[in-house]
Amino acid sequence: MRPIARFATTGLAFTLLSSAAFAAEKKEGMPQLDFANPLTISQVVWLALIFIALYLLLSRWALPQVGAVLEMRAARIGEDLDVARTAKAGADKAVAELTAATRTAQASAQAEIAGAVAKAKQEAAAEAATLNARLDESLAAAEQRIGAARTAALGALRQVATDTATAVVARLTGAAPDAAAVDRAVGASLAARGQ
């Protein structure tokens, strides 16, 4: 016999003996505990039989099934936790890789932007130097043209002033003036003006 069955049998025997001893000592008391009555004994026997049958049914059939279900659930929960831990580790690794890639991309973008800005500044400086050189050349050429035009204008002015002075003197006096004297007077007048 198994220890549980021995315990149940011993407990039943003890209950019957103690009930019988109690009934023998006291005749007065509760009628449910009057073991002199055959109905009480049959009730106790049926109680013991139902208890043993219920105990055997639970210990041999119901509780092992409940235990198997609990073991299956514990195994399933353990598997799910393992899968969740693996997924979390993968997600953490992916987040770390994404963070590193983002930092690398940002650093690369900053370096490219800085390089592009430096290149644009160099190109702008070179273009500005080229434009300044062209402007200096254009300015020098314009100054030469202005100087030549001024010299030509001053030469023409001297001629126009000499012709005008000769015409005015001839009209006022009625006689043609001395060309050399008019030329000297116009030259002195232009020299006084700084032209």
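The following questions and answers go through a predicted model of one chain.

Biologist: How many helices and strands does the secondary structure of the chain come to?
Modeller: From the N terminus on, the elements run α-α-α. The count for the chain is therefore made up of helices, as strands are runs of E and helices runs of H or I. It comes to 3 helices and 0 strands.

Biologist: What share of the residues of the chain count as buried?
Modeller: A residue is buried when its relative accessible area is under 20%. The chain has 195 residues, and the share of them that count as buried is 7%.

Biologist: How much area does the chain expose, and what part of it do carbon and sulfur atoms supply?
Modeller: The exposed area of the chain is about 15,600 Å². Of this area, the part supplied by carbon and sulfur atoms is 67%.

Biologist: Which residues make the nonpolar surface patch?
Modeller: The patch has an area of about 490 Å². Tryptophan 46, which lies in helix 2, is one of its residues. At 55% relative accessibility, tryptophan 46 counts as exposed, because the limit for that is over 50%. The patch is made by Ile41, Val45, Trp46, Leu49 and Ile50.

Biologist: Where in the structure do aspartate 80 and arginine 76 lie, and how far apart in residues?
Modeller: The side chains of aspartate 80 and arginine 76 meet in a salt bridge, with 3.7 Å from N to O. Aspartate 80 is partly exposed at 42% relative accessible area, while arginine 76 is exposed at 54%. About one helical turn separates the two, because they lie in helix 2 (residues 38-173) and are apart by 4 residues.

Biologist: What is the N to O distance between aspartate 82 and arginine 85?
Modeller: Both residues lie in helix 2, 3 residues apart, which is about one turn of the helix. Aspartate 82 is partly exposed, with a relative accessible area of 43%, and arginine 85 is exposed, with 53%. Their side chains meet in a salt bridge, and the N to O distance is 3.1 Å.

Biologist: Which residue meets aspartate 92 in a salt bridge?
Modeller: Aspartate 92 is partly exposed, with a relative accessible area of 43%. Its partner also lies in helix 2, 4 residues apart from it, about one turn of the helix. That partner counts as exposed at 52% relative accessibility. With an N to O distance of 2.9 Å, the residue that meets aspartate 92 is lysine 88.

Biologist: How many salt bridges does the structure hold?
Modeller: Side chains of opposite charge can pair when their charged atoms come close. One of the bridges joins aspartate 80 and arginine 76, another aspartate 82 and arginine 85, and another aspartate 92 and lysine 88. The number of salt bridges in the structure is 3.

Biologist: What span should the 15 residues of helix 3 have?
Modeller: Helix 3 covers residues 179-193, and the reckoning uses 1.5 Å a residue. The end C-alpha atoms are 21 Å apart, which agrees with the span expected, 21 Å.

Biologist: Which element is included in what covers the buried residues of helix 3?
Modeller: The buried residues of helix 3 are Val182, Val186, Gly187 and Leu190. They lie on the same side of helix 3, because they cover an arc of only 130° around the axis. The face turned away from that buried side carries the exposed residues Arg184, Ala191 and Ala192. What covers the buried residues includes helix 2.

Technical notes:
Residues are numbered from 1 along each chain as its sequence is written. This is a predicted model: local features need pLDDT of at least 70, side-chain atom pairs count only at pLDDT 80 or more; totals for chains, interfaces and linings use all residues. Side-chain values use heavy atoms; hydrogens and water are left out. A salt bridge is a side-chain nitrogen of Lys or Arg within 4 Å of a carboxyl oxygen of Asp or Glu. Buried means under 20% relative accessible area, exposed over 50%, partly exposed in between (1.4 Å probe, protein chains only). The expected span of a helix is 1.5 Å times one less than its number of residues. The arc is that of the directions from the helix axis to the C-beta atoms. Contact means heavy atoms within 4.5 Å. Patches are made of residues with over 30% relative accessible area and no salt bridge: like charges are joined within 9 Å, nonpolar side chains (Val, Leu, Ile, Met, Phe, Trp, Tyr) within 5 Å. Accessible areas come from the Shrake-Rupley method with a 1.4 Å probe; for residues, only the protein chains shown count as cover.
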